[in-house]
Each structure stands twice: as C-alpha cells, then as structure tokens.
Amino acid sequence: MPSDPRVAAALAALKQPIAEFRAAVQGALAQADAFLAAQSADESTRASRAGIALGEFGARHISAAGFAALFPAVAPADDASQKALARAIDILRSVAAQGESLFVAEVTKGRRLGATIDDALAVAGRAFGAIIITELVRGGRYRAAEHDRLLDASEFRAWNKAERRFAPPLVVEVDGADLHAGALLDFADGREKLVLVVRGDSAPAALVRCVTPGTFVLQTVDGSGLDRLAGYEGPAIAAVVPEGAAVFMHDPTAGKEAWQRITIAHLPALPTKAVGGSSAWQLGEDLKMLADLARTPFAVPGALGAKGAPAMGAGEAVDRLASWLLDSSGLAGTA
Amino acid sequence: MSAASSSATAAPAPPKVLRVPEHTVEIVSDSGEGAQKCAQIFAAVSAKMGNGVWTVELIPAEIQPPPRVPEGASGNRVRLGEHAVTNWGDRTNLVIAFNEQVLLARHRLDALDDDAVLLVEDKWARDDDPEIVAAWNAAMKELSTRPYRIVPVAMEDECLTIVDNPKKGKNMFALGILARIYDRDMTRIKDQIAHSFRKKSEEVYAQNVSLLELGYHWAEDHIDFRVEIPTHAAEKPLVVMNGNEAIALGAIASGMELCAMYPITPATSVSHLLSEVFEKFGGMVHQAEDEIAACGVAIGASYAGKVAFTVTSGPGLALKTEFLGLAIMTEVPLVLVNVQRGGPSTGLPTKVEQSDLLAALFAATGDAPHIVLAPATIEECFHIMVTARRLAETFRTVVMVLTDANLATGVTPYPKPELDERWQAAPLDLAPVREGQKPYGWNTETGLTQRIIPGQPGGMHTLTGLSHDENSKVAYSSGIHQHSSAMRSRKLAVLQSLLTPPPVYGPAKGDLLIVGWGSTKGAIEEAVDRARAEGIKVSSTHLRFLSPMEPGIKKIFAGFKKVMTVEINYSDEIGDPYVTEENRRRGQLAFLLRASTLVDVDCWTRVPGEPLRPGSILEAIRGRTPRGGAA
C-alpha cells in the first residue's frame with residue numbers, strides 16, 4: 001500500500017477507470033479460458049456445459065447433448081496459435097493479479113517524468129497486446145510473424161484509439177523539481193488519466209501548460225476535484241500539489257471559451273526563486289498565463305485579483321457584461 | 001348461521017383447537033385499508049414457520065372504487081397447508097372483513113365455505129347513517145342463507161385506543177387476531193413488519209406492533225377456537241416471493257442487462273423490483289414513453305449486443321406486435337414476458353386469464369415463427385428466464401414467456417435457487433468475424449446462424465426488416481424469400497427435436513387426460529388427485545412449450561379415451577344457442593392441440609376473473625368420465 005495518503009486518495013478517486021481497465025482484462029481472460037476449454041472439451045463436457053447454460057427449467061425439458069450438438073466443435077488451433085494464446089493468458093493473468101501497484105509509479109532520482117510514465121503504462125499496455133492476440137487466435141487470424149510483437153511491452157505512443165480509450169489510469173509520485181508539464185502532453189489522449197502526487201517545492205502553476213480545449217487539468221491541494229477528473233470522458237491530468245501552489249481546474253465541459261472552463265481557487269503571488277530547472281521568471285510566466293486564460297473578455301472588478309477568478313454561471317456573466325456596458329457608456333446609475 | 005351473539009364477549013374458556021392439514025383465510029377490505037399488507041405478512045411468516053402457502057390477491061377492477069360496495073372488495077386469500085400448497089383451493093374457512101359489503105362480495109362469489117367463520121367489523125351496525133345500518137341488516141340477512149358463523153369485531157373502537165385514523169390500523173389489528181388463531185410466531189411477525197415498513201419511521205413500526213399486540217390480546221380474550229396446521233422444517237432453504245418478483249430475480253440471474261418497459265397491470269411490479277436492485281447487478285430499467293418504444297429499445301439494445309427483455313400485459317402485447325415482427329425478421333434475440341390478464345382490449349386489468357395464447361403465437365403479421373414458453377409455477381417463473389435468454393440467443397428469435405395474474409401476484413415458498421455464474425455468460429463471441437462469414441449465413445439444416453454485433457471487425461452489414469438474403473441484402477426474389485422463411489421456421493423444428501415429451505401426472509392410460517398450461521397446474525393436479533380418489537381414471541399433463549410444442553403429445557393422447565384441456569379462457573358450450581360442434585369456439589390450447597394432433601380434443605374453460613378452483617375442475621372431470629372406473 002502506498003505510504004503517502006494522497007496516493008491512496010488518488011487511487012480511490014480513480015476507482016471507476018481502474019475498474020473499467022480491470023474489466024477489459026478479466027473479460028479477455030474469460031474469453032481466452034473459454035476458448036481453451038472449448039478446444040479440449042469432449043461431447044459430454046459440452047453437453048454438461050450446455051445443460052448448465054440452459055438453466056434448471058431448460059435442463060428439465062431440453063436435451064443438453066442435442067443442444068450442444070447444434071454448434072460445430074471449435075476448430076482446433078494450431079501449435080503456434082496455442083502457444084501465443086498461452087503467452088497472452090499468462091500476461092493477462094499477471095496483469096489481473098497485480099494490485100494497485102499496477103496503477104502507481106514513482107519518478108526516482110535520475111529518471112524523467114515522461115520515461116517513468118511511459119514505462120509504467122507499457123507494462124499495463126502489454127495487456128492490450130494480449131487481448132488482441134486472444135481475439136486473433138479465437139478468430140483464426142493469428143500469424144506469428146505479424147502478431148507476436150504485440151506481446152512485447154507497448155508504449156503509449158503505439159496504442160491505437162480503442163486502447164487509449166481503455167487506458168489504465170496512473171498515479172505518479174514525483175518531486176516538484178522533476179515536474180515538467182511538457183512530458184505529460186504526450187499522454188493527453190483517449191481517456192488517459194494521470195494524477196501526479198507532488199513532493200516538496202514545485203512550480204506554482206506547472207500544469208497550466210497542459211491546458212488544451214479538450215484536456216481536463218486540475219491542480220489541487222486536498223484532492224478535491226479528482227472525482228470530476230475520474231468521470232471525465234477525455235484525457236485528464238492532475239497534480240496534488242503542496243500548499244501555496246496555484247489551485248485551479250480546467251473543465252472542458254464548462255464552456256466554449258477558456259475563461260469559462262477555468263476556475264481558479266487560489267492564485268499565489270509571483271515566485272521569487274527557481275524550482276528545479278525553471279527560473280523564477282519562467283514560473284511567473286506560468287502564473288500569468290493562468291491568469292490570462294481565466295480572464296473574462298470584459299472588465300470584471302476583482303476577477304483577477306490575488307484570489308483569482310471565481311467560477312461564474314452563464315447568467316452571472318450576462319449580468320456582468322450588462323454592468324460593463326453601462327459603465328462603458330457612462331449610463332451606470334442613471335436609471 | 002350462528003347468531004351474531006355468538007360473538008365472543010363471554011369470559012374466555014380454553015380455546016377449542018382445530019387440527020387440520022390445511023386452512024384458508026381471507027382478509028378483505030375497501031381499497032387502501034391495508035388488507036393486502038396484513039395478508040402478505042401473515043403468508044410470509046407462515047411460510048417461514050414451515051407451512052405450505054399459496055396466496056391470491058383479491059383486487060377490484062378499479063384503482064379507487066367507492067367505499068363499502070361489494071365490487072370494491074380488496075384483499076388476499078391465503079391458503080395454508082401442512083405440505084406444499086399449489087393453488088388457492090376452493091373455499092375459505094375464515095374471513096376477516098373490514099365491512100359487511102366486502103364480505104357480501106365474497107359470499108356472492110361462492111368463495112366461503114358453509115362452516116366458515118366470518119369476523120366482521122360491526123361498527124356499521126351502529127352507524128349514524130340509517131342507510132348504512134339498513135345495508136348492514138340486509139347483508140346479514142343475505143349471509144344468513146348459509147350456516148356461517150359470524151363473529152362481530154369492534155375493530156375501529158379497539159384501534160382508536162392507539163391510533164387517530166383507524167383506516168391505518170385495522171390491518172395490523174387483524175394480523176394480531178390471525179397470529180393468535182393460527183399460533184404464529186410474534187417475533188417473526190414483528191421482524192416481517194419491520195421489513196415491510198423499512199422505509200418508514202421507527203414510530204410507524206412501533207405503532208403497528210402495538211396494533212398487532214392489541215389484536216392478539218383481543219383474540220385471546222374473545223376468540224374461542226384456534227387452528228393448528230402442522231409445520232415442517234424445510235429440507236432446503238426456501239425463498240418466498242410472487243411470480244413477478246421471481247421473473248425479475250430470474251432476469252438478473254440470467255444476466256439480463258436491460259428491462260425496457262411501460263407500466264401496465266399486472267406486469268409493472270416486475271420493473272418495480274428491478275428498479276430497486278437491477279443497477280447493483282449491472283442492469284437498468286428503462287421506462288419508455290409507450291409500449292411500442294419499450295419493445296424497440298429492447299430490440300435495439302439486443303442488436304447492439306446487450307441482453308435485453310421487455311415485460312407487458314395484453315394490450316401492451318398488441319402494441320408491440322410490429323416490433324416483434326422486426327425482431328423475428330432481423331433475427332435479433334428478444335425475451336418478452338407477457339403477464340396475462342383478462343381481455344380483449346383493456347379487459348380485466350387486475351384479473352387472471354389465459355386468453356393471450358393465440359395472440360402470443362400469431363401476433364405478428366406475416367410468417368413470424370418464434371418461441372412461446374409458459375411457466376407453471378412461481379418457481380418456474382424464476383428459472384424460465386435463464387432458459388428464455390439462452391434460447392433467444394441461440395435461435396436468434398423472440399422468446400415469449402406467458403405468465404398470468406395468478407402467478408404474478410400469488411406468493412408461495414420454493415427452494416432457494418442455486419445460482420450459477422455461467423447463466424450470465426456473455427452472449428457473444430466478440431472475436432473478429434471469420435472470413436466469409438455472412439450476417440445470415442444460415443446452416444441449411446438447422447437455420448441457425450452466428451450473430452454479428454455492430455462494430456465487430458469484418459461484420460459490417462445493413463440491417464433490414466425487408467426480406468433479405470444471407471448477406472442481409474434486400475431481396476425480392478421469391479426464391480430467397482422462400483429460403484429465408486424456411487430457415488426462420490426450421491429453427492423451431494430444431495428446438496422441438498430437442499424437447500422431451502411432457503410428463504404425465506398419473507397413469508399413462510385411462511378414461512380422461514386433462515391438458516393444461518400455465519398457472520392452472522396446481523389446481524388441475526389437485527382435482528386429478530381427488531378424482532382418482534373417487535375411482536375416476538383420469539391423469540393430466542401440463543405443457544410448458546407452446547411454440548414449438550413438446551413432442552410425443554399425440555402418443556400420450558393415445559393412452560386415453562378422452563382428452564380435454566382446462567384453461568382460463570373462453571369457449572362456447574355445446575347446447576348454447578346456435579353453438580354446434582362445427583362452429584364451436586374452443587379453448588385456445590384445445591384449438592392448437594386439435595390442429596397439431598388431429599385428435600378430437602375437448603375443453604373445459606372458464607373466465608371468472610379468478611384462478612380456477614380444483615373443486616370446479618373436479619366437477620368438470622366428473623361430468624366427462626364414467627364413475628367407478630368403468631369405461
């Protein structure tokens with residue numbers, strides 16, 4: 001079990017995507033086991049299975065052997081296919097047997113964030129290759145020369161669209177000094193969910209550079225907002241940051257414009273010292289960009305004050321726009 | 001009739017104990033007075049204590065009929081037995097009635113045994129309204145034509161010592177009386193009350209328990225008899241439920257993922273239970289905007305690879321017919337549960353009938369072969385869902401499950417099902433479609449095809465309700481239509497070849513064979529037992545598969561001089577004006593059996609709006625057989 005309670009909290013928030021990934025693995029395993037069992041089943045075994053599938057009512061009134069005989073026996077798979085299927089099953093079993101560690105990685109000294117995530121996802125990604133091999137063998141389409149490489153570890157960049165939609169979420173423990181947002185953008189696709197648990201000093205708004213119209217981005221101190229991240233249907237990146245860093249959420253479902261999508265709960269003062277390889281000026285640029293993105297397209301007193309822009313509803317925005325128009329035209333207070 | 005003065009206001013003497021193998025009790029009231037709740041708790045506790053139980057709801061045709069009219073009688077009959085009870089029996093031995101008009105209703109329906117004990121709320125005899133008093137007196141006079149024992153009970157006066165509104169208390173007071181008379185375990189009753197009112201406050205529970213105890217002590221002081229029905233501990237753990245609950249739980253056990261429905265009596269409670277628990281098992285209930293849409297949603301979900309069913313009753317079945325044709329033509333698996341009620345049209349929404357058999361078989365236009373099953377017991381309602389799902393998927397067709405209001409609302413204990421996760425197996429092999437596989441690549445021997453789900457690599461095709469060839473291409477050629485029709489039909493012949501002949505209840509030879517289907521099994525077999533005890537050579541058989549029919553039926557018929565169906569649907573009687581052998585409209589199963597066996601099958605059918613009584617069936621048997629075993 002992770003020692004940092006923030007990791008446990010992140011895993012708890014990611015329960016649903018973890019369950020979905022596990023279900024995909026378990027489903028493939030069940031299909032593979034059933035295929036293997038069918039390969040070796042004799043008539044009486046097949047009849048017995050059919051009898052169970054028909055339920056008690058059916059078993060009393062329907063000939064199970066006759067029912068089983070309705071379908072031709074599964075065509076025997078060749079040796080190469082059987083071996084590939086056995087390897088695929090081993091991988092699926094190993095992935096299924098792994099506990100939470102499958103969904104947790106740590107950026108150790110001397111390693112980079114991007115490489116750590118790549119390696120961690122590649123382990124889980126072998127399951128995708130195993131699932132495909134299983135389907136190919138069952139469908140009689142397996143060709144060793146063409147397909148065996150699927151069982152090797154597979155990096156995220158090689159995953160197809162479907163795999164990226166079932167991508168396993170990952171919680172990454174990282175020192176603030178090693179948090180480079182650029183490394184994260186490679187994984188912002190499908191439904192990948194990354195949660196960074198940041199230790200020590202970190203850039204105050206490191207994740208702002210991950211904000212794109214379709215990516216859910218969150219910086220949180222206490223874990224609030226992770227539940228929304230887990231339920232988001234697209235890619236999502238979050239950082240559980242130390243006290244003092246910016247706290248904000250970019251929720252792509254909240255509106256068309258950046259200022260509608262970004263909610264800032266805390267915007268710290270401009271930094272005066274460097275963190276990791278980033279200078280104070282660079283860190284300050286992050287903060288200014290966050291403020292810029294959240295800035296409403298019209299003057300809203302206090303909206304970009306020290307505490308950042310509060311969340312707004314559409315109705316409230318209209319009221320503020322009306323107020324600004326009145327101010328601009330010098331008509332305020334004349335009614 | 002014993003005089004009303006036989007009411008037991010005298011000092012209590014040790015009660016006379018009546019030891020009997022079975023006893024039948026009814027609790028009747030106006031709608032909304034809770035008689036059904038009282039009976040449900042009484043029945044559940046009796047079953048848990050080791051009695052056989054069968055209950056039947058007595059429901060008025062209107063949702064809110066006027067008070068104090070015979071037509072508004074609402075409640076339950078509970079038949080208790082030392083051993084398993086399979087039907088509601090003939091007449092009631094004891095009634096608790098909340099007014100004399102609902103009691104009169106039961107009397108007029110000949111539901112009460114001659115020596116029945118009738119405990120009736122007597123406040124109406126002293127009402128301020130002279131019309132009510134006159135109605136009471138008239139009812140007592142009418143009831144006096146039979147030797148009932150009437151026991152007045154001041155229910156309202158007693159209940160008012162605890163509650164302000166006696167309309168919400170009499171049922172628990174009545175439950176207390178029954179608990180005393182039948183020596184029911186008060187702890188179990190209190191547990192059952194807690195379960196029944198689990199969504200209410202602690203205060204409501206406490207008040208109901210107070211009323212229960214009040215009724216119990218009142219009976220201790222005023223009722224001079226008790227009824228003792230031996231109990232036996234069950235060999236296996238039992239569950240107690242009605243048929244709709246069994247259908248719902250069976251649907252979950254079978255791996256169903258979607259119940260698409262539109263509310264209709266008496267089918268709705270299937271979805272009520274599912275809506276509470278289905279999501280815990282990965283399923284969902286979709287209440288569509290109408291019956292047609294509900295069927296369409298279920299078909300769509302099934303087409304997409306989900307395991308879906310829809311549930312309805314008579315008028316809903318009529319509305320779904322166009323979509324049923326689509327499911328059959330496109331070979332999309334679908335399970336449809338039809339909880340039959342009286343018809344035609346809106347008919348008798350709350351009453352039992354078996355009049356949908358022919359509609360179920362021939363509802364869709366064109367040649368639309370599909371499977372029709374009928375569970376005979378509440379236990380079978382559970383297990384039949386597993387089979388229905390498997391058949392629908394294997395044969396890629398519609399499977400209709402015909403239950404009825406008797407099974408739907410009747411409650412009985414049955415052995416706890418031993419669930420098997422293999423019932424829930426995924427319906428499909430989602431491996432990529434094999435090279436050359438066609439969406440309707442019928443096996444020319446069996447008509448069976450491997451199903452393709454949208455999105456499966458290599459499986460792209462157009463789905464159409466138009467006549468189509470193996471590639472699902474629209475085809476107007478007569479040859480293709482002939483072939484595809486044969487393939488859809490062949491599946492039923494294949495299924496029939498796998499079925500076992502129906503067992504015969506009793507000897508395989510005799511004077512008369514009764515053939516039944518659906519919920520009448522218990523009543524028929526009880527009637528057969530009683531007839532055989534009289535020396536009549538009668539047996540019975542009960543069909544569960546109505547399309548295709550089970551094999552060997554004609555051979556079974558050959559062992560008997562006469563064959564007669566017993567059904568809860570309408571048939572003409574020979575001797576009625578204009579009715580001849582040639583134009584006689586027969587019971588629906590008789591119609592089918594005559595057509596399929598060419599045997600001169602007779603029928604005895606009734607549409608009384610209630611389950612058939614074994615005594616009535618016995619009379620019919622006597623009328624068609626020689627006595628004493630003489631041929």
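**Domain layout of chain B and a helix pair in chain A**

In this predicted model, chain B is divided into four parts: domain 1 spans residues 4-228, domain 2 residues 239-416, domain 3 residues 432-498 and domain 4 residues 504-629. For domain 1 and domain 2 of chain B, the C-alpha centres are 34 Å apart. Contact between these two domains involves 12 residues of domain 1 of chain B and 10 residues of domain 2 of chain B.

It is worth looking at the domain 1 side of this contact in more detail. Here, two elements of chain B each supply two or more residues, namely α1 (35-49) and β3 (52-58). Strand β3(B) makes the largest contribution to the side of domain 1 that touches domain 2, with five residues. By class, this side of domain 1 of chain B comprises nine nonpolar residues, two polar residues and one charged residue.

Turning to chain A, helix α2 (residues 15-40) packs with helix α5 (residues 79-97) at an angle of about 145°, and 10 Å separates their axes. The two helices, α2(A) and α5(A), cross in a left-handed sense. From α2(A), the residues that take part are A:Arg22, A:Val25, A:Gln26, A:Ala28, A:Leu29, A:Ala32 and A:Leu36. Their counterparts in α5(A) are A:Leu85, A:Ala88, A:Ile89, A:Leu92, A:Arg93, A:Val95 and A:Ala96. Sorted by class, the contact between α2(A) and α5(A) holds 11 nonpolar residues, one polar residue and two charged residues.

Conventions. Residues numbered from 1 in each chain as written. Chains lettered and ligands numbered in written order. Predicted model: local features only at pLDDT ≥ 70, side-chain atom pairs only at ≥ 80, totals over all residues. Axes fitted to C-alpha atoms, helices over the stretch in contact; angles between N-to-C directions. Helix = DSSP H or I, 4+ residues; strand = E, 2+ residues; numbered from the N terminus. Left-handed = near helix turned anticlockwise from the far one by under 90°. Contact = placed C-beta atoms within 7 Å. Nonpolar A, V, L, I, M, F, W, Y, C, P; charged D, E, K, R; others polar. Domains from an automatic or database assignment.
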